[in-house]
Amino acid sequence: GSEMCKETGYKEIQEQVFEKLALHWLKRSESMNFIAEKLCYSDAASLRKMLKRRTGLSVRELRASLLD
């Protein structure tokens, strides 16, 4: 059981960090392909999915909210 917890914990922390970095780069108007590459995502679509799951917002909505 404890092995599973470690796994989940690591993934959760990794996603928290990736979310912060992705938002930082979105704010600087970097492309999703650039961000996906920087974060070692296989493609921009996987990164979009992760951000949508974590924030509940699409990339377009995130960009708009960051520009305020």
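Read along its sequence, the protein chain runs α-α-α-α. This is a predicted model, and the chain has four helices and zero strands. Buried residues account for 26% of the 68 residues. The accessible surface adds up to about 5,000 Å², with 56% of that belonging to carbon and sulfur atoms. As for how far contacts reach along the chain, take those between residues at least 6 apart in sequence: 45% of them join residues at least 24 apart.

**The core**

Let's start on the inside. The largest nonpolar core holds 16 residues, and the ones touching the most other members are Leu-26, Met-32, Ile-35, Leu-39, Tyr-41, Leu-47 and Leu-51. Helices H1, H2 (32-38), H3 (44-55) and H4 each give two or more residues to this core. As background, nonpolar side chains in soluble globular proteins tend to be buried together.

Which residues does Leu-47 touch, not counting those up to four places away in sequence? The list is Met-32, Ile-35, Ala-36, Leu-39 and Tyr-41.

**Two glutamates on H1**

Helix H1 covers residues 2-27, and Glu-19 is found there. Glu-15 lies in H1 too. Are these side chains in buried or exposed residues? Glu-19 counts as buried because its relative accessibility is 16%, under the 20% cut-off for that label. Glu-15 gets the buried label as well, since its relative accessibility is 7%.

Their contact lists are worth opening in your viewer. Leaving out neighbours within four places in sequence, Glu-15 is in contact with Met-50, Arg-53 and Arg-54. For Glu-19, not counting residues up to four places away, the partners are Met-50, Leu-51, Arg-54 and Thr-55. So both lists include Met-50 and Arg-54. Glu-15 also has a polar contact of 2.4 Å, side chain to side chain, with Arg-53.

**Out on the surface**

H1 has a nonpolar side to show as well. Ile-13, Val-17 and Leu-21 make a nonpolar surface patch of about 240 Å², and Ile-13 has its place in helix H1.

Over on helix H4, which spans residues 59-67, sits Arg-60. Arg-60 counts as exposed because its relative accessibility is 72%, and the label needs over 50%. How far apart are Arg-60 and Leu-26 in space, C-alpha to C-alpha? The distance is 9.7 Å, with their positions 34 residues apart in sequence.

**Positive phi in the loops**

If you like checking backbone angles, have a look at two loop residues. Most residues other than glycine have a negative phi. Ser-29, in the loop between H1 and H2, has a positive one. Cys-40, in the loop between H2 and H3, has a positive phi too.

| Residue | Loop | Phi | Relative accessibility |
|---|---|---|---|
| Ser-29 | between H1 and H2 | near 65° | 54% |
| Cys-40 | between H2 and H3 | near 60° | 70% |

Why do both residues count as exposed? Ser-29 does because its relative accessible area is 54%, and Cys-40 does because its relative accessibility is 70%, the cut-off being over 50%.

Notes
Residues numbered from 1 in each chain as written. Predicted model: local features only at pLDDT ≥ 70, side-chain atom pairs only at ≥ 80, totals over all residues. Heavy atoms only, no water. Buried < 20%, exposed > 50% of the residue type's maximum accessible area, 1.4 Å probe, protein only. Contact = heavy atoms within 4.5 Å. Patch = residues over 30% accessible without salt bridge, like charges linked within 9 Å, V, L, I, M, F, W, Y side chains within 5 Å. Areas by Shrake-Rupley, 256 points an atom, 1.4 Å probe, with all protein chains shown as cover. Salt bridge = Lys/Arg side-chain N within 4 Å of Asp/Glu carboxyl O. Core = buried A, V, L, I, M, F, W, Y, C linked by side-chain atoms within 4.5 Å. Polar contact = N/O pair within 3.5 Å; in protein donor to acceptor, adjacent residues only side chain to side chain.
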